[in-house]
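Here is an informal walk through one protein model, going from a backbone oddity to the packing inside. Have the coordinates open while you read.

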Amino acid sequence: MPEFHHIPVLLDDVLTYLAPAPGNAYLDLTLGGAGHASAVAQKISPNGTLYGFDRDPAAQCAAQARLASFPIEKHFFQTSFEHFDATLRQAGIADAEAGGGFDCVLADFGLSSHQIDDEARGFSFHADAPLDMRMSQSGLSARDYLAQVKQDELADVLYQFGDIRQSRPLARKICDAAGRGEMNTTFDLARVCCSILGSPRPGKPHPATRVFQAIRIEINGEFDAIDAFLRDIPKWMKNNSRLAIIAFHSGEDRRVKEAMRLWQNPCTCPPQLPVCVCHKKQLGKILTKKPIEATAKELDENSRARSAKLRAFQFIDPTQK
């Protein structure tokens, strides 16, 4: 297994919008190799506190080693950020209403460089590897999923999560190959994708790119995890705390954009009413009018930042307005 590495995307922008300071409590929902976390840890030292979540055991080991030297309190949790609320409560950690909470929070929804480059993980079609794609390295693999999924269900996944227009003929061919026992490796899946979507062309994304993305999102329950996180995170944000989220898929970014819009403007009253009667309180303000994207310089250094979009929000205590 290659050494765990991860190039943090939009790092300078993350630090700008989170504005971490000495003594802060920082929550990293997608710790990875601690690329972002180590930069934040430097800012919250000394006496800060870091809480890190990641479902990938390899990421957890790498992050703990990288963060070991920082003079801060550290808590690590090997689980999906979908379960952060229940996990923190079970650990006896108080939310903002109970006097606890966080000063800065980051969620980076992208795969780490290590997960892509480790051929055995099956996230990429650049090498022939077992068709796996499990972030947690447990549960149903992509191979197992494709062996049992119904054709119509797979077509919906390909269309909704990968924007695949030829989702139905592609789902039929994938399911037929899986039924014959011919869908076991990343190359098996990539070949079927090319037979329906066309051959790779120089300078263009590989035809299988969005297919792999869609199947990965489905077997890891990524959108469900994002929805749960966005539902629960406001309860953990201190007054004047900041949240930064990096999305890589249009479906991810759409969820983040809508959540932040509702946090800033939660009122559901008809516009013709002279006063608000729903009594829903504004939770804060959006800090990024448009999503922040990678500069040309960063793209030269890390092409995987190409689709990254950063949005940030500052929370306020409604009782102090």
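## Backbone oddities

Let's begin in strand β5, where you'll find Asn240. Keep in mind that this is a predicted model. Asn240 isn't a glycine, yet its phi is positive, at about 70 degrees. With a relative accessible area of 47%, Asn240 counts as partly exposed. Most residues other than glycine have a negative phi, and most peptide bonds are trans.

Asp163 is another non-glycine with a positive phi, this one about 55 degrees. You'll find Asp163 in the loop between α7 and α8, and its relative accessible area of 43% makes it partly exposed. Then there's a cis peptide bond, running from Ser45 to Pro46, with omega near -5 degrees. Pro46 sits in the loop that links α2 (35–44) and β2 (49–53).

## Ser241 in β5

Back to β5, which also holds Ser241. Is Ser241 buried or exposed? Its relative accessible area is just 2%, so it's buried. Leaving aside residues up to four places away in sequence, Ser241 touches Phe102, Asp103, Phe313, Gln314 and Phe315.

## A helix under cover

Strand β5 (237–247) turns up again as part of what covers the buried residues of α11. That cover also includes α4 (84–90), β4 (102–108), α7 (151–162), α10 (209–219) and α12 (250–264). Helix α11 spans residues 222–232, and 8 of its 11 residues are buried, so the rest of the structure largely encloses it.

Which residues of α11 are the buried ones? They are Glu222, Phe223, Ala225, Ile226, Ala228, Phe229, Leu230 and Asp232. So the list has Glu222 and Asp232 in it as well as residues such as Phe223 and Leu230, because burial here only asks for a relative accessible area under 20%.

## The nonpolar cores

In soluble globular proteins, nonpolar side chains tend to be buried together. In this model the largest nonpolar core has 61 residues. Leu146, Leu158, Leu189, Ile215, Phe229 and Ile233 have the most contacts inside it.

Take Ile215 from that group: not counting residues up to four places away in sequence, it touches Met133, Ala142, Tyr145, Leu146, Leu158 and Leu189. There's also a second, separate core, with 30 residues, among them Leu18, Val40, Ala41 and Ile72.

## Where α8 meets α9

Two packed helices are described by the angle between their axes and the distance between the axes. For helix α8 (residues 167–179) and helix α9 (residues 186–197), the axes come within 10 Å and cross at roughly 145 degrees. The crossing of α8 and α9 is right-handed.

On the α8 side, Pro169, Leu170, Lys173, Ile174 and Ala177 make the contact, while α9 brings in Leu189, Val192, Cys193, Ser195, Ile196 and Leu197. Sort the residues of this contact by type and you get 9 nonpolar, 1 polar and 1 charged.

## Cysteines without partners

How many disulfides does the model have? The count is 0. The closest cysteine sulfur to that of Cys194 is in Cys193, and at 6.8 Å it's too far for a bond.

Cys269 isn't in a disulfide either, with the nearest cysteine sulfur, that of Cys267, 3.7 Å away. The cut-off is 2.5 Å, so that pair doesn't qualify. Cys269 is itself buried, with a relative accessible area of 16%.

How values were computed: Residues numbered from 1 in each chain as written. Predicted model: local features only at pLDDT ≥ 70, side-chain atom pairs only at ≥ 80, totals over all residues. Heavy atoms only, no water. Core = buried A, V, L, I, M, F, W, Y, C linked by side-chain atoms within 4.5 Å. Buried < 20%, exposed > 50% of the residue type's maximum accessible area, 1.4 Å probe, protein only. Contact = heavy atoms within 4.5 Å. Helix = DSSP H or I, 4+ residues; strand = E, 2+ residues; numbered from the N terminus. Axes fitted to C-alpha atoms, helices over the stretch in contact; angles between N-to-C directions. Left-handed = near helix turned anticlockwise from the far one by under 90°. Nonpolar A, V, L, I, M, F, W, Y, C, P; charged D, E, K, R; others polar.
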